[in-house]
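Grab a coffee and work through these exercises with the viewer open. Try each task yourself before you read its solution.

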Amino acid sequence: MMDKPWNNRAWLFVLPVLALVLFSSIVPMMTVVNYSLQDSMGVNNFFWNGDAWFRDLLDPSTEIGARFADALLRTFAFSAAALAVEVPLGIAIALCLPRRGWAVGISLVIIALPMLIPWNVVGTIWQIFARADIGLFGAALTGIGLPYNVTQDSVSAWVTIVVIDVWHWTPLVILLSYAGLRAIPDAYYQAARIDGASRWAVFVNIELPKLQKVLVIAVLLRFMQTFMIYTEPVVVTGGGPGSATTFLSIDLVKIAIGQVDVGSAAAMSLVYYIIILTACWIFFTIMTQLDRRRDA
Amino acid sequence: MRSAVSSKIALVIYLIALMLPVYWLINLSLRTNADIMSGLALWPHHPTLEKYRAIFDDPTWVHAFGVSLSYVAINTVISVAVALPAAYAFNRYHFIGDKHLFFWLFTNLMAPSAVFALPFFNLFYAVGLFDTVWAVALAHCLFNVPLAVWILEGFVGGVPREIDETAAIDGYSFPRFFIRLFLPLIANGIGVTAFFCFMFSWVEQLLATTLTSSNALPFAAVMTRSYSASGMDWSLLAAAGVLTMVPGAVVIWFVRNHIAKGFALGRV
């Protein structure tokens, strides 16, 4: 790490990336900043509005502020629920996967498949699957007498969205954990067998420590992705019933495009973006720390 | 031995649970709407390919499938091409602002599409690219270029620096070294990166639908439109859904042993 030579001509290699990402990131971002500080009277008639949008947004006593606070809380709750299921389940399944043999390739392909389905199709699949009349999942749940109804009952809607996310993204945790497990040399297991260690002892003392790095990556990636969830709930529940599953992204699009309340939406975008940026920074710091440990 | 058997059983149960929703979709796609509405059936009693035929005969669907594949392809080529030199630079050299730049790229990888939907719409409308495959391809660069840089950087790091030095001593010019020697060494990495760019461009729909209206409407968006237009044609919807899974299922086989490394952004 330390012996990388200084060479500022390396900037030339980075220029194409810089130009492209500047175009697709900074330009739109400046539009958002612009909107967030202005109010409009009809089309193309903007005037300076200072920090009023932000003050409304961050004050829970205003209508938009209360709405934002609710959506934020819901989004955090959703992230927590999804992670609480996906991480243990992912590790457990990764431990069940065979280490070699013909079944590995097939299992991995099946496991990865849900991640390759367009997100609105994931929504459609579950929209069908969760219906009580033509879907197996919905029919099974109502069949055993549960009051299950995605569009009417907010508990059902929540459970469904979490189940969808678990179905869709636990594979990510499995793949990462499996890669981490495969990197553990056989000698470790042999030593454990000689010592007569139990299965649990092997997991806690050998596998879990070795998995630390991939698990950090998995948890952080999953946190970010759940925090930005949009397409699946829009298709399956439309953010409802009421606003039970209206997460931040959904609310943002509703305000910006549905209500054409561009100022509020832009201010909300920026606050949202700052939260993501903070999470990114934590992620980045942890990751570079772990990289350094790898190189040391 | 007992634990080996029970873990096999657990794995099989999980795989079945994972495939059930997909199986259900395939099941519905092979039945007619009247048949679907008449009640649950665990498998199609009178399987018919009628809806698939309808999709392949309808120019709107076929065109949309072409649109989806072309913006995904354009995006993948652009992303990998610009990311290669950048990944090399980040891994091999220190330069002013390198860490900040790397972090900034990373923040774009994590940028929520919802934040960018409206400004992108304005931007591409203003430059006249709205409703073209280029708009979607360029918009997806927002997260795919940083993704490609991050994954490739991990793979570049796996090539010992001695190789660069030896090539320089042997009199290779830099471009010749990079193209003739270095790229073949990270061919796996390029394949994995291309796969991930393909995947994230293929699954992303919020930007893809915001930036198109009729000419360049992606396949999955035509699907959503069609069901609101014609009431609930569940069977057609299911058949279209099955078709959207095919490209992913095909390409995933080639990278199955390297997927984890890609998802870990090249950091396993």
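**Exercise 1. Work out what chain B is built from, and how far the model can be trusted there.**

Solution. Start with the count: chain B has 14 helices and zero strands. Walking from the N terminus, you'd write the elements as α-α-α-α-α-α-α-α-α-α-α-α-α-α. Next, the outline: along the principal axes, the C-alpha atoms of chain B fit a box of roughly 75 × 65 × 30 Å.

Now for confidence, since this is a predicted model. The mean pLDDT of chain B is 85, and 94% of the residues score at least 70. Helix 4 of chain B has the highest confidence in the chain, at 92, while helix 14 (residues 259-263) of chain B has the lowest, with a mean of 71.

**Exercise 2. Describe how helix 4 of chain B packs against helix 7 of chain B.**

Solution. Two numbers do the job here: packed helices are described by the angle and the distance between their axes. For helix 4 (residues 59-92) and helix 7 (residues 133-157) of chain B, the axes come within 6 Å and cross at roughly 35°. Then add the hand: helix 4 of chain B passes helix 7 of chain B in a right-handed crossing. Last, sort the residues of this contact, and you get 22 nonpolar, seven polar and two charged.

**Exercise 3. Do the same bookkeeping for chain A, then find what one of its salt bridges ties together.**

Solution. Chain A has twelve helices and two strands. In sequence order, the pattern reads α-β-β-α-α-α-α-α-α-α-α-α-α-α. The box for the C-alpha atoms of chain A is roughly 75 × 70 × 35 Å, again along the principal axes.

On to the salt bridges, of which the structure holds eight over all chains. One of them joins Arg99(A) and Asp186(A), with the closest N and O atoms 3.2 Å apart. Arg99(A) sits in the loop between helix 3 (63-96) and helix 4 (102-112) of chain A, and Asp186(A) in helix 8 (residues 186-194) of chain A, so the pair ties together parts 87 residues apart in sequence.

**Exercise 4. Characterise the interface between chain B and chain A.**

Solution. First, who touches whom: 91 residues of chain B contact 94 residues of chain A. Second, the area: the two chains, B and A, bury about 8500 Å² between them, and 81% of that is on carbon and sulfur atoms. Third, how many salt bridges run between chain B and chain A? The count is zero.

Notes: Residues are numbered from 1 along each chain as its sequence is written. Chains are lettered from A and ligands numbered from 1 in the order in which they are written. This is a predicted model: local features need pLDDT of at least 70, side-chain atom pairs count only at pLDDT 80 or more; totals for chains, interfaces and linings use all residues. Side-chain values use heavy atoms; hydrogens and water are left out. Axes are lines fitted to C-alpha atoms, for helices over the stretch in contact, and angles run from 0 to 180 degrees between N-to-C directions. Helices (H or I, at least four residues) and strands (E, at least two) are DSSP runs, numbered from the N terminus. A crossing is left-handed if the near helix is turned anticlockwise from the far one by less than a right angle, and right-handed if clockwise. Ala, Val, Leu, Ile, Met, Phe, Trp, Tyr, Cys and Pro count as nonpolar, Asp, Glu, Lys and Arg as charged, and the others, Gly among them, as polar. pLDDT is the predictor's confidence in each residue, from 0 to 100. Contact means heavy atoms within 4.5 Å. Buried area is the accessible area (1.4 Å probe) that two parts lose on being put together, summed over both. A salt bridge is a side-chain nitrogen of Lys or Arg within 4 Å of a carboxyl oxygen of Asp or Glu.
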